[in-house]
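Subject: The structure, and what I found in it

Hi there,

Here is the structure I promised to pass on. Have a look at it first, and then read on for my notes.

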Amino acid sequence: ANALMLAVLFAAGFTPNRLFLFSIGVGIANGLGAYCQWRAVDLSLARTSLFSWGSAFVAIVLGYAFLGERAALHPMLALGLALTFLSAMLIAVREHRMRKGSRAESGGWGIYAWIAAYTVIWGGTGFLERVFAVEGVRTATFLGGWYLGSFLVSVILAAGAWRRRKLVFSSFGTRDIALSAALALVFVGNLGLEYWTYHYLPLAVAQPIFLFLGTVIPVFIGLF
């Protein structure tokens, strides 16, 4: 997804600017958040899933505090938010109980530091997405910076893993390349639609929708 987005961006004659540099910073933060989540999942997938709603909550609080989105939180919306977060937590608790009995997991209290880190980071990046959208930053500028920042983090992590002999490079066949390209299009399209949504909806509205869809759709896929 990183390579695809950057190739399209620069092929279109994009010129880097200050906003692009800021969006690179957001992409770097996103990459660090992903690393923290991977570490948490590696220690305990069950306990990590319990806090899947946390970053959405952080983003909404930041929007309420700094973007003047108080007007969006009328009583009915507040009730909807509460029900959405409650549903997400109940589903997470159910998954936690199912996975807890399936295999032993480690982590101790250290896992909660990783969970807190990616929750705050991803809550912050969600908030900054809304800020960029409100300020009218072009979608191509934001996506290009986001993926370049994420790409830089991934290169650093891959280099570190390779030096520790924890990364093994393997050859890719035509089918693997086609599948990777398809997934890249899905990832870029997903972020593009998310960013487009922030042009029109406050965080208090958009985040619960993303949380609901991200929680319910995988459950339905698993059922069938």
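Let me start with a pair of helices: H7 passes H8 in a right-handed crossing. On the H7 side, the contact is made by Thr 139, Phe 142, Leu 143, Trp 146 and Tyr 147, and these meet Phe 187, Val 188, Leu 191, Gly 192 and Tyr 195 of H8. Sorted by class, that contact holds 8 nonpolar and 2 polar residues, with no charged ones. The two axes come within 11 Å and cross at roughly 130°, which makes H7 oblique to H8.

Please keep in mind that this is a predicted model.

For the overall picture, the protein has 9 helices and 0 strands. Of its 224 residues, 34% are buried. Among contacts with a separation of 6 or more, 88% are between residues 24 or more positions apart.

H7 also meets H2. The axes of helix H2 (residues 18-43) and helix H7 (residues 139-163) come within 6 Å and cross at roughly 45°, and the two helices are therefore oblique to each other. This crossing is right-handed. If you want to find the contact on screen, H2 contributes residues including Leu 19, Phe 20, Ser 23, Gly 27, Gly 31, Tyr 35 and Trp 38, while H7 contributes, among them, Thr 141, Gly 145, Trp 146, Gly 149, Ser 150 and Leu 157. By class, the contact of H2 with H7 counts 14 nonpolar, 9 polar and no charged residues.

Next, the nonpolar cores. Which residues touch the most other members of the largest one? They are Phe 132, Phe 142, Trp 146 and Tyr 195, in a core of 16 residues. Helix H6 (110-134), H7, helix H8 (174-198) and helix H9 (203-223) are the elements that give two or more residues to this core. Apart from it lies another core of 6 residues, including Ala 56, Ile 60, Leu 81 and Ala 204.

Tyr 195 deserves a click of its own. Not counting neighbours within four places in sequence, Tyr 195 is in contact with Glu 129, Phe 132, Ala 133, Val 137, Arg 138, Thr 139 and Phe 142. Phe 142 and Tyr 195 also both appear in the contact of H7 with H8.

Two further residues may be handy when you look around the model.

The first of these is Cys 36, found in helix H2. Is Cys 36 buried or exposed? With a relative accessibility of 9%, Cys 36 counts as buried. Leaving aside neighbours within four places in sequence, Cys 36 is in contact with Trp 114, Ala 117, Tyr 118 and Ile 121. Cys 36 and Ala 116 are 80 residues apart in sequence, yet their C-alpha atoms are 8.9 Å apart in space.

The other is Tyr 112, whose place is in helix H6. Tyr 112 is partly exposed, with a relative accessible area of 29%. Setting aside residues up to four places away in sequence, Tyr 112 touches Arg 47 and Phe 51. The C-alpha atoms of Tyr 112 and Ala 40 are separated by 7.7 Å, although the two residues are 72 residues apart along the chain.

Happy to go through any of this with you on screen.

Best wishes

Conventions
Residues numbered from 1 in each chain as written. Predicted model: local features only at pLDDT ≥ 70, side-chain atom pairs only at ≥ 80, totals over all residues. Heavy atoms only, no water. Axes fitted to C-alpha atoms, helices over the stretch in contact; angles between N-to-C directions. Helix = DSSP H or I, 4+ residues; strand = E, 2+ residues; numbered from the N terminus. Parallel < 35°, antiparallel > 145°, perpendicular 65-115°, else oblique. Left-handed = near helix turned anticlockwise from the far one by under 90°. Contact = heavy atoms within 4.5 Å. Nonpolar A, V, L, I, M, F, W, Y, C, P; charged D, E, K, R; others polar. Core = buried A, V, L, I, M, F, W, Y, C linked by side-chain atoms within 4.5 Å. Buried < 20%, exposed > 50% of the residue type's maximum accessible area, 1.4 Å probe, protein only.
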